[in-house]
Amino acid sequence: MNPASLSTAPRRLLARVRDVMAGEGSAQSRLDKITSIIAADLVTEVCSIYVRRPGDVLELFSTRGLSPSAVHVTRLRFGEGLIGEIAARGGPLALSDAPAHPNFAFRPETGEDEFRSMLGVPVLRSGRVVGVVAVQNKTERQYTEEETETLQTVAMVLAEMVAGGELISRQELMPTDGIALKPLRLEGTCFSRGLGIGQAVLHEPNFDIGNLVADDPEHEMARLHEAFSAMLGQLDTILSQSPLSSAEGGEHEDVLEAFRMVAEDAGWLRRTEEAVTSGLTAEAAVLKVKNEMRARLGQASDPYLRERVHDLEDLANRVLKHLLGTGAQDKLYQPEHMILVARNMGPAELLDYDHTRLRGLVLEEGSATSHVAIVARALDIPVMGQVRDVLSKIDTGESIVVDGQNAQVLIRPGEDVQQAFHETRKHLEQIKAQYAQLKDLPARTLDGVEVSLNINAGLLFDFDQIEATGADGVGLYRTEVPFMVRTQFPDVEAQRTLYEKVLDRAAGKPVVFRTIDAGGDKVLPYWDEFDEENPAMGWRAIRICLDRPAILRQQLRALIRASRGRDIHVMFPMIAEVEEFDAAKGLLERELQREKNRGGILPEHVYAGVMLEVPALALQLDKLVQRVDFISIGSNDLMQFLYATDRGNPHVSDRYDILSPFALGFLKSVRDRCDQAGVPVSVCGEAAGHALEAMALVGIGFRRLSMPPPALGPVKEMIRTMSERQVAQFLHSVLEMPRASVRQRLKAFAKDHGIKI
Ligand code: PEP
Ligand code: MG
């Protein structure tokens, strides 16, 4: 960095603000001095500082230029007026004509009617808005980016004053009213199943920065660069030593690679350098950029972008540790049975902890496809996400239960409850061990009917489950899942490498490759999103692929090349019309021809099938069965479309039961028609993985099921304890009943006949 480019103006302002902050007098008088200094420095008629109070209210704490009687009187809620807008959006707002803004709210007591232009920035602390600082002018002034930047830098210093507890008590700053010491039960979303019991460890890096304003900017710049390179070096070590790195190939590698790319992102370093240039110390600059990113991107509706914030935070914390000279690892408190509790975290942060002690992870945010969730699943750690405000309700060292089975987190459970969970966990482990023993036994009913049990897979590590569960193969490989964790659309070669690994891992067992089912809720981060009123019924899956055939052709090409002579099974999702299957199959044939022309090795056999998940297709079975090599029923989507109930909406998703005479009768009619035509048919939706539903499916004639890997043991056990003939007979009578559900009857039947469900 050229020393001449280290501008002096913002640094002078910062130094003055710092001196006032550290000087004599009451907090209020110092704050008043600061508002005057800012107003003078930025040549504005007004400078006002608002501080956040409980209930998401912003109170005017100090002003230069507005009516002094408004101080501690004017209060605005988050989102109210322009000040509230700045707080709510967590980002700056520069307006040359503020009253013209739709959110402008005039407060007569402030006397601000004379002012026209306004520049305001949030005061951020740990990514949380703790106040707003704003300047105003009478003229229609266009504030420059540098001025915004300067005000943000000053806001960074002010944040320390607010957090110091001089203006308001620290208690008030807490997101909630502290920790209630009663046991609590919180709900959330399960990202990784299982049950974990242990002591909470709050993953909440809190840095005491100390000096915020630099005396020697060049020295700070050098420190910053040194810390960045140290962070990158350390990252390489962590990633290469992680327990996952020894596992051969997999999406967690993509995840970690994407993480490394974030670390090397030049934009991030540049912004931090700019903050140093404006007068902050290296650590304050890192913190400033981290806070801004968190506030700005944390609200993004795009889950991919939100996820990047956590990666960046993880990395920023690493840089801070280098700058502050604190060894990361040795400071971590790691009890024997440790449950991590975090707002969110990046994958490398999880790997900082000793995974042999990790019993669970609880996140306030996150999603099942977030990088940390993917890595946690690979480590077989139960994860609960979207557990609101959990960080403010528990402290490090307190007992906690992560119950992924029931999507709940129990905080400070009583001794008896803990004991009960220990029992459940022991029991679950015993059951797991029992299922493991079934692994090599056939899924055969008491009266000798064999059922093929397969797993649904999405990521490479799921393929370990073929061996672990003794599955017959992969009945549904959701190819869009690995696309979702990447940073860009994989080219033919990248896909070929992946599919080759998939086929190698399956070691000769069949894998049904479902072509990309993107769109709807399966967002590919690098595809331009556009708003759809009804994405589940929108431009997704085969619809995208037929409109943009290059996508499907590349995928099929990669798959054909990956086969290296082995058989392949290709399944097209969301087919609604027979013609769509014909078109997709046409593309497959063209790709086979192309490969042949270039002298490549063709697959021994190519089986082309469809996913039956749109009811319209079920009404065209006569034509369909003449064309396809197999059919797999996607009961998740089929049920949602059959009953017009959103599968992702908890208010309605359970409203209709697949165990109803109508739904079972419908599935039976599909099965019978396929049987007559000699077309293999299976069920691969979630229903196939529930023992009771699987019992009914076998009872109506299905001989092939595909399910999430953990379901395979329980379903096999159920099959081995049922008589197909008895269940079929019972269903025959039950299917005549005019009921919305026969679940209870089926349960009672299973119980009476010793079927383990
Ligand atoms: C289904 O719809 O049942 C299915 C298995 O596909 P997905 O859950 O991936 O939509
Ligand atoms: Mg589906």
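**Figure 1. Aromatic pairs around tyrosine 477 in the predicted model.** In this predicted model, tyrosine 477 and phenylalanine 513 are both buried. These two residues form an edge-to-face aromatic pair, with 5.4 Å from centre to centre and 80° between the planes. Tyrosine 477 belongs to strand E16 and phenylalanine 513 to strand E17 (residues 511-514), so the pair ties together parts of the chain that are 36 residues apart in sequence. Phenylalanine 463, which is buried with a relative accessible area of 2%, takes part in a further pair of the structure, which holds ten aromatic pairs. Phenylalanine 463 meets tyrosine 477 in an edge-to-face arrangement, again described by 5.4 Å centre to centre and 80° between the planes. This pair links distant parts of the chain, since phenylalanine 463 sits in the loop between strand E15 (452-457) and helix H15 (464-469), while tyrosine 477 lies in strand E16 (residues 474-478), 14 residues apart. Tyrosine 477 has a relative accessible area of 0% and is therefore buried. One aromatic cluster is formed by Phe463, Tyr477, Tyr499 and Phe513.

**Figure 2. Coordination of the magnesium ion (ligand 2) by two acidic residues.** Glu613, through OE, and Asp637, through OD, coordinate the ion at 2.1 to 2.2 Å. Because glutamate 613 lies in the loop between strand E19 (606-612) and helix H21 (615-618), and aspartate 637 in helix H23 (residues 635-642), the pair ties together parts that are 24 residues apart in sequence. Glutamate 613 and aspartate 637 are both buried.

**Figure 3. Salt bridges in buried and partly exposed settings.** The model contains 56 salt bridges, and three of them are described here one by one. Aspartate 517 and arginine 514 meet through their side chains at 3.5 Å, N to O; aspartate 517 is buried, with a relative accessible area of 0%, and arginine 514 also counts as buried, at 2% relative accessibility. Arginine 671 and aspartate 675 form a salt bridge of 3.0 Å, N to O, and both residues lie in helix H24 (residues 661-677), four residues apart, which is about one turn of the helix. Within this pair, arginine 671 counts as buried at 15% relative accessibility, whereas aspartate 675 is partly exposed at 47%. The side chains of lysine 756 and glutamate 717 meet at 3.9 Å, N to O. This salt bridge links distant parts of the chain, with lysine 756 in the segment after helix H28 (743-752) and glutamate 717 in helix H26 (residues 712-721), 39 residues apart. Lysine 756 is partly exposed, with a relative accessible area of 46%, while glutamate 717 is buried, at 17%. Elsewhere, Glu493, Arg496, Glu500, Asp504, Arg564 and Arg566 are joined into one network by salt bridges that share partners.

**Figure 4. An open, antiparallel sheet of six strands, with helix H2 packed on the sheet.** The strands follow the order E3-E2-E1-E6-E5-E4. Strand E3 (75-77) and strand E4 (93-95) stand at the edges and each have a single partner strand, so one side of each is left without a neighbour in the sheet. From one strand to the next, the twist averages 20°. Strand E5 (residues 117-125) and strand E6 (residues 128-137) run antiparallel and are joined by nine bridges; methionine 118 has glutamine 136 in E6 as its bridge partner. Helix H2 (residues 27-41) packs on the sheet and touches strand E1 (46-53), strand E2 (57-64) and E6, and the direction of the helix makes about 70° with that of E2.

Notes: Residues are numbered from 1 along each chain as its sequence is written. Chains are lettered from A and ligands numbered from 1 in the order in which they are written. Side-chain values use heavy atoms; hydrogens and water are left out. Donors are N, O and S atoms within 2.8 Å of the metal (3.2 Å for Na, K and Ca); water is not among the atoms, so sites may look incomplete. Helices (H or I, at least four residues) and strands (E, at least two) are DSSP runs, numbered from the N terminus. Buried means under 20% relative accessible area, exposed over 50%, partly exposed in between (1.4 Å probe, protein chains only). A salt bridge is a side-chain nitrogen of Lys or Arg within 4 Å of a carboxyl oxygen of Asp or Glu. Two strands pair if DSSP finds at least two bridges between them. Axes are lines fitted to C-alpha atoms, for helices over the stretch in contact, and angles run from 0 to 180 degrees between N-to-C directions. Contact means heavy atoms within 4.5 Å. Rings of Phe, Tyr and Trp (its six-membered ring) pair if their centres lie within 6.5 Å; planes under 30 degrees apart count as stacked, over 60 as edge-to-face and the rest as tilted.
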